[in-house]
Amino acid sequence: MASKKQIIRVAFDVLDERNHSLFTNGNLSITAADPDEAIDQVFAQMQRQFNRPDIRLTRVRICA
């Protein structure tokens with residue numbers, strides 16, 4: 001049985017491998033089954049946006 005998807009808002013910052021800030025106070029609404037899936041989707045989207053695999057998400061918050 002598939003999990004029901006819901007809209008989850010994720011707030012976050014993006015750092016590079018040297019902990020330099022690339023993006024602050026990001027805020028995306030993602031359709032996902034759970035918060036972990038939403039964070040994975042945000043991470044993949046930020047890797048595509050910045051065109052680099054070495055980014056990290058920090059200060060990740062799941063918002064109601």
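**Close-up 1. Ile8 and its bridge partner across two strands.** In strand 2, Ile30 is the bridge partner of Ile8. Welcome to a predicted model, so please read each view below with that in mind. Strand 1, covering residues 6-15, is joined to strand 2 by nine bridges, and the two run antiparallel.

**Close-up 2. An open sheet of three strands.** Here the view takes in the whole sheet, whose three strands follow the order 2-1-3 with antiparallel pairing. Strand 2 (21-32) and strand 3 (56-63) sit at the edges; each has a single partner strand, so one side of each lacks a neighbour in the sheet. On average, neighbouring strands are turned by 25° against each other, direction ignored.

**Close-up 3. Helix 1 on the strands.** Helix 1, made of residues 35-50, lies across strand 1, strand 2 and strand 3. Relative to strand 2, helix 1 runs at about 130°.

**Close-up 4. Aromatic rings of Phe12, Phe23 and Phe50.** These three residues form one aromatic cluster, and the count of aromatic pairs comes to two. For the rings of Phe12 and Phe23, the centres are 6.1 Å apart and the planes stand at 35°; planes from 30 to 60 degrees apart count as tilted, so this pair is tilted. The pair links distant parts of the chain, with Phe12 in strand 1 and Phe23 in strand 2, eleven residues apart.

**Close-up 5. Phe12 and Phe23: buried or exposed?** Phe12 has 1% relative accessibility and therefore counts as buried, the cut-off being under 20%. Phe23, at 29%, counts as partly exposed.

Definitions and conventions
Residues numbered from 1 in each chain as written. Predicted model: local features only at pLDDT ≥ 70, side-chain atom pairs only at ≥ 80, totals over all residues. Heavy atoms only, no water. Pairing = 2+ DSSP bridges. Helix = DSSP H or I, 4+ residues; strand = E, 2+ residues; numbered from the N terminus. Axes fitted to C-alpha atoms, helices over the stretch in contact; angles between N-to-C directions. Contact = heavy atoms within 4.5 Å. Phe/Tyr/Trp six-rings, centres within 6.5 Å; stacked < 30°, edge-to-face > 60°. Buried < 20%, exposed > 50% of the residue type's maximum accessible area, 1.4 Å probe, protein only.
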